[in-house]
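This report describes a single protein chain for a reader who has its sequence and structure at hand. Please look at both before reading on.

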Amino acid sequence: MTDQTFRFQVDRIIQESQRVKTFRLQPEGSGLPFHFSPGQHLGVRPAPPGVPDTEHGKWRHFSLSSSPSEGFLEITVLNQGTASDRMHSLAPGDWVEATRPVGDFILEQEVGHGPVFFAGGIGIAPIRSMIRLCLEQEMGEAVSLFASFPTREQAIYREEIRAWADRVPRFSCWLTYTGTETRPDAQDSESHPWNRPFLEERIERPLERDYYLCAPRGLMDIVETLLAAMGVPEDRVRRERW
Ligand SMILES: Cc1cc2nc3c(=O)[nH]c(=O)nc-3n(C[C@H](O)[C@H](O)[C@H](O)COP(=O)(O)OP(=O)(O)OC[C@H]3O[C@@H](n4cnc5c(N)ncnc54)[C@H](O)[C@@H]3O)c2cc1C
C-alpha cells in the first residue's frame, strides 16, 4: 500500500455475532478525508501509521458498511485469519491506518423500479451501505433484500433489517437460514432455499430491476444461474467477488 493513507480511531465496536464485529472508525480531523460510494472497500491495517507491518498488522480490504452521509466509517469484519483476528483484538481508542476507498461495485443512480440485493454471510457488509443510502435518499419504488445465513444467530444486522422493514413500506426482505438449527420466523425469515419459484414469487417486475450480489462463490453462482433463467439481462447484475 503505497498510496496516501489516513489515521482513524476506533470509536465503537459492535459484536454482531460470535465471529463478526462492526468497527466504527472516526477520522483524525473533523469530517471524512474522502468521499465514497456505497459498495466500495478500503485497505485497513490494524496498526497506527508509522508502526511497521508485522504478521498481525497486515493490510486487508474491508467493505464500508456505513452510509456516506455519516461522519464516520464502519467496517464489519469476520474473524477468519491473521489480520481479521488482530482486528478483533482492537479496543475503543486504538488507531488504525486506512487507504482511500476504491471499487466499482457501486449503486447505480438510475435504479429503475428498484434494486434487488442478494447477500450471503459477511457479504452483507457492502449491501448494508447500499440499502442505507437507498432508504435515506428514497431511491427506487421498491428495494428488496435476500440474505442467507447459516443460523439466526449468525444473521448480522438482523434487528436493523427488521427495523427497516417495519419503517419503510417499499423495503422487503427475506432472511434465509440454511444451517441445521433452522428456526423459521414468520415475520422476517424463511428456511426455504433460493430457487426460481421462490424468487419469482417475491420479485416484482424482475426485468426492470438492478441486481447486486455479494456472497460466497457457490451461492453467487446459484443466484447468477437463477437470474439468467428468469431472463434478467447480464448487464443488470453487479457482483462483488472477494
Ligand atoms: C474487495 C474486498 C472486500 C472485502 N470486504 C470484507 C468485509 O467487509 N469483511 C470481511 O470480514 N472481509 C472482507 N474481505 C476479506 C478480507 O480482506 C480478508 O481476506 C479476510 O479478513 C481474511 O484475512 P485474514 O488475514 O484474517 O486471513 P488470512 O490469514 O489471510 O487467511 C485467509 C483464509 O485462509 C485460511 N488459512 C490461512 N492460513 C491457512 C493455512 N495454513 N491452512 C489452511 N487455511 C488457512 C484462513 O482460515 C482464512 O479462511 C474483503 C476482501 C476483498 C478483496
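Val44 stands opposite Ala98 in strand S6. This pair belongs to the contact between strand S3 (residues 41-45) and S6 (residues 95-99), which run antiparallel and are joined by two bridges. S3 also pairs with strand S4 (residues 60-63), again in the antiparallel sense, over four bridges. There, His41 has Ser63 of S4 as its bridge partner. Four of the five residues of S3 are buried, so this strand is largely enclosed by the rest of the structure.

**The model as a whole**

The structure is a predicted model. Its protein chain has an average pLDDT of 90, and 92% of the residues score at least 70. Confidence is highest in strand S5 (residues 73-78), with a mean of 98, and lowest in strand S10 (residues 189-190), with a mean of 54. In residues 182-188 the pLDDT falls below 50; this stretch has 10 contacts in the model beyond near neighbours in sequence.

The chain contains five helices and 12 strands. Its radius of gyration is 18 Å, close to the 18 Å that the globule rule gives for 242 residues, so the chain is as compact as a globular protein of that length. The C-alpha trace spans about 55 × 40 × 30 Å along its principal axes. Among the 242 residues, 35% count as buried. Of the contacts with a separation of 6 or more, 71% are between residues 24 or more positions apart.

**Strand S8 and its neighbours**

How many of the seven residues of strand S8 (residues 143-149) are buried? Seven of the seven are, so S8 is largely enclosed by the rest of the structure. In a regular strand the side chains alternate between the two faces of the sheet. In S8, Val143, Leu145, Ala147 and Phe149 point one way, while Ser144, Phe146 and Ser148 point the other way. The residues of both groups are buried.

S8 pairs with strand S7 (residues 114-120) and with strand S9 (residues 171-177). The table sets out the two pairings.

| Strands | Sense | Bridges | One bridge pair |
|---|---|---|---|
| S7 and S8 | parallel | five bridges | Val116 and Ser144 |
| S8 and S9 | parallel | seven bridges | Val143 and Phe171 |

Helices connect these strands. S7, helix H2 (residues 124-136) and S8 form a right-handed β-α-β unit. S8, helix H3 (residues 158-167) and S9 also form a right-handed β-α-β unit. S8 therefore takes part in both units, as the second strand named in one and the first in the other.

**Two loop residues with positive phi**

Most residues other than glycine have a negative phi, and most peptide bonds are trans. Glu138 is not a glycine, yet its phi is positive, at about 55°. Glu138 lies in the loop between H2 and S8. Is this residue, Glu138, buried or exposed? Glu138 has 10 C-beta neighbours inside 10 Å and counts as exposed, because the cut-off for an exposed residue is 12 or fewer.

Tyr157, also a residue other than glycine, has a positive phi near 65°. Tyr157 is found in the loop between S8 and H3. With 24 other C-beta atoms within 10 Å, Tyr157 is buried, because a residue needs 20 or more to be counted as such.

**Helix H5 and strand S12**

Helix H5 (residues 217-229) has 13 residues, which should span 18 Å at 1.5 Å a residue. The C-alpha atoms at its ends are 18 Å apart, so the model agrees with the expected span. Just after H5 comes Gly231, with a positive phi of about 90°.

Val237 is part of strand S12 (residues 237-239). What does Val237 touch, not counting residues up to four places away in sequence? Val237 touches Tyr211, Leu213, Glu224, Leu227 and Val232. The C-alpha atoms of Val237 and Asp210 are separated by 6.3 Å, although the two residues are 27 residues apart along the chain. Val237 has 18 other C-beta atoms within 10 Å and is partly exposed.

Technical notes
Residues are numbered from 1 along each chain as its sequence is written. This is a predicted model: local features need pLDDT of at least 70, side-chain atom pairs count only at pLDDT 80 or more; totals for chains, interfaces and linings use all residues. pLDDT is the predictor's confidence in each residue, from 0 to 100. Two residues are in contact if their C-beta atoms, placed from the backbone, lie within 7 Å. The radius of gyration is taken over C-alpha atoms; the globule rule is 2.2 Å times the number of residues to the power 0.38. Two strands pair if DSSP finds at least two bridges between them. A crossover is right-handed if, with the strands pointing away from the viewer, the path from the first strand over the helix to the second runs clockwise. The expected span of a helix is 1.5 Å times one less than its number of residues.
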